[in-house]
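Hi,

Here is the structure I promised to send over. Have a look at it first, and then read on for my notes.

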Amino acid sequence: MSAYILAIESSCDETSVSIIKNGTEEISTVVLSQMDTHANFGGVVPEIASRMHIENITMVIEEALAKANMTMEEVTAIAVTYGPGLIGSLLVGLMAAKTLAFIHNKPLIPVHHIAGHIYANNLVKPLEFPLIALVVSGGHTELVYMKEDYSFEKLGGTLDDAVGEAYDKVARVIGVPYPGGPLVDKLAHQGKDTYKLPLPLDDDSFNFSFSGIKSAVINIVHNEKQKGNQIIPENMATSFQNRAVEILTKKTMNALKKYNVKNLIVAGGVAANSGLRQSLEAKSKENYINLIIQPIKYCTDNAAMIGAAGYYAYKLGRLADLTLNAKASDKLH
Ligand code: KG4
Ligand code: ZN
């Protein structure tokens, strides 16, 4: 029998609801982005984000059902992002999910946001194990080893800033408006690699560190300002992107070698980065790695990925009761 998962994602500044069939087929998705509102403040304002989720969540749920031409009775179970994320934002999606589960007597499936980013892959092609996932977003930079469904072994992660966060901060200091990542990516193609930036945490571990390179960018900008000079934003974008892409590619390839894994998936907002995509494609080809990078619509936050992950959690009996709480941070498990 087919399973239809109604999934809710509200961990940051997107209110999103999807209906996913059997973990692989997207029946409907609605994503309501608050980006334009937060752009006025140069970043996500948590208080505003949760208020906007409250205003929109009911409408987004109704729209996703209407687009799918389905009623709640036809939904098998409810999946929801319980964490990690902004606590106020998470609570809105969670309360909506718990209310629906209670009223309609449906199973409730808790989904870790990063599991969602990884399982978004199933909407493109079923995961093949063992695999290594590079998860790169505004909140995460992680290399994860999976030998089977829902088995997550973290090989390493960022010790400070996430790569997307570093992109957004670099964007701000070089005068690029929020959200900076995509615009820095665009600029990087127009500039030259002229600024001497360090290759961050270039060691044998699978950890990352992006605060040093971010500070290096800030220092150069300030020093030039003091001398009465302007930096060349596109050259800084190129220099920063080259270094970020180089270290992400290098450590990912090292992990694949060490664990003798041939399947690589890349997930999260920064997987939309064109420099990273090109670099991983080239290196994967060279090393006979089966690489899947998700289409851009699945890279940034959406509920389809939560529905895909939720289906596998459901199959494994990983359910929650109505005491489920939101968690601002939580280990991927
Ligand atoms: O996965 P996501 O939508 O939200 C989180 O879970 O964090 O990722 C958002 C992050 C932001 O930092 C954004 O600047 C970055 O992904 N991003 C990019 C690109 N597109 C989005 N960073 C670099 N290049 C891009 N093309
Ligand atoms: Zn995300």
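How are the donor residues of the zinc ion (ligand 2) spaced in sequence? The pattern is H-x3-H-x183-D. Before going further, please keep in mind that this is a predicted model.

**The zinc site**

The residues behind that pattern are His113, His117 and Asp301, which coordinate the zinc ion (ligand 2) at 2.0 to 2.1 Å. Both histidines use their NE2 atom, while Asp301 binds through OD. Histidine 113 and histidine 117 sit in helix H4 (residues 113–119), four residues apart, which is about one turn of the helix.

Is the site tetrahedral or irregular? The angles among the four donor atoms run from 94 to 144°. To count as tetrahedral, four donors need all their angles between 85 and 135 degrees, so with angles reaching 144° the site of the zinc ion (ligand 2) comes out as irregular. For reference, the ideal angle for four tetrahedral donors is 109.5 degrees.

Are the two histidines buried or exposed? The cut-off for buried is under 20% relative accessible area. Histidine 113 has 6%, so it is buried, and histidine 117 is buried as well, with a value of 0%.

**Aromatic residues**

There are eight aromatic pairs in the structure. In one of them, tyrosine 150 and phenylalanine 152 have ring centres 5.4 Å apart and planes at 75°, so the pair is edge-to-face. Tyrosine 150 is buried, at 9% relative accessible area, and phenylalanine 152 is also buried, at 13%.

Which residues make up the aromatic cluster that these two belong to? Its members are Tyr119, Tyr150, Phe152, Tyr311 and Tyr312.

One more ring to look at is that of phenylalanine 208: lysine 251 lies over its face, at 5.9 Å from the ring centre.

**Pocket and cavity**

The largest pocket has a volume of about 1300 Å³. It is lined by 42 residues, and the closest to its centre are Ser137, Gly138, Gly139, Asp168 and Tyr178. Which helix gives the most to this lining? That is H5, with seven residues. H4, helix H5 (163–173) and helix H6 (180–188) each supply at least two residues.

As for enclosed space, the count comes to one cavity of 30 Å³ or more. The largest cavity has a volume of about 60 Å³. Its lining includes Asn121, Lys125, Pro126, Leu127 and Glu128, along with Asn263, Leu264 and Ile265. Strand S9 (263–267) and strand S10 (290–293) each supply at least two lining residues, and the largest share, three residues, comes from S9.

**Histidine 140**

You can find histidine 140 in the loop between strand S6 (131–136) and strand S7 (141–146). Histidine 140 is buried, with a relative accessible area of 16%. Its C-alpha atom is 9.8 Å from that of aspartate 160, and the two residues are 20 apart along the chain.

**Backbone oddities**

Most residues other than glycine have a negative phi, and most peptide bonds are trans. Here are the places to check against that background:

- The peptide bond from glycine 83 to proline 84 is cis, with omega near -10°. Proline 84 belongs to the loop between strand S4 (77–83) and helix H3 (87–104).
- From phenylalanine 129 to proline 130 the peptide bond is cis too, with omega near -5°. Proline 130 is in the loop between H4 and S6.
- Asparagine 22 has a positive phi, near 50°. The loop between strand S2 (14–21) and strand S3 (25–33) holds asparagine 22, which is partly exposed at 25% relative accessible area.
- Asparagine 69 also has a positive phi, near 55°. This residue lies in the loop between helix H2 (46–68) and S4, and at 70% relative accessibility asparagine 69 counts as exposed.

Cheers

Conventions. Residues numbered from 1 in each chain as written. Chains lettered and ligands numbered in written order. Predicted model: local features only at pLDDT ≥ 70, side-chain atom pairs only at ≥ 80, totals over all residues. Heavy atoms only, no water. Donors = N, O, S within 2.8 Å, 3.2 Å for Na, K, Ca; no water. Tetrahedral: all angles 85-135°; square planar, octahedral: opposite > 155°, others 65-115°. Buried < 20%, exposed > 50% of the residue type's maximum accessible area, 1.4 Å probe, protein only. Phe/Tyr/Trp six-rings, centres within 6.5 Å; stacked < 30°, edge-to-face > 60°. Lys NZ or Arg CZ within 6 Å of the ring centre and 35° of its normal. 1 Å grid on protein atoms, 1.4 Å probe; cavity = no way out; pocket = protein on both sides within 12 Å on 5 of 7 lines; lining within 4 Å. Points joined across faces, edges and corners; volume = space filled by probe spheres on them.
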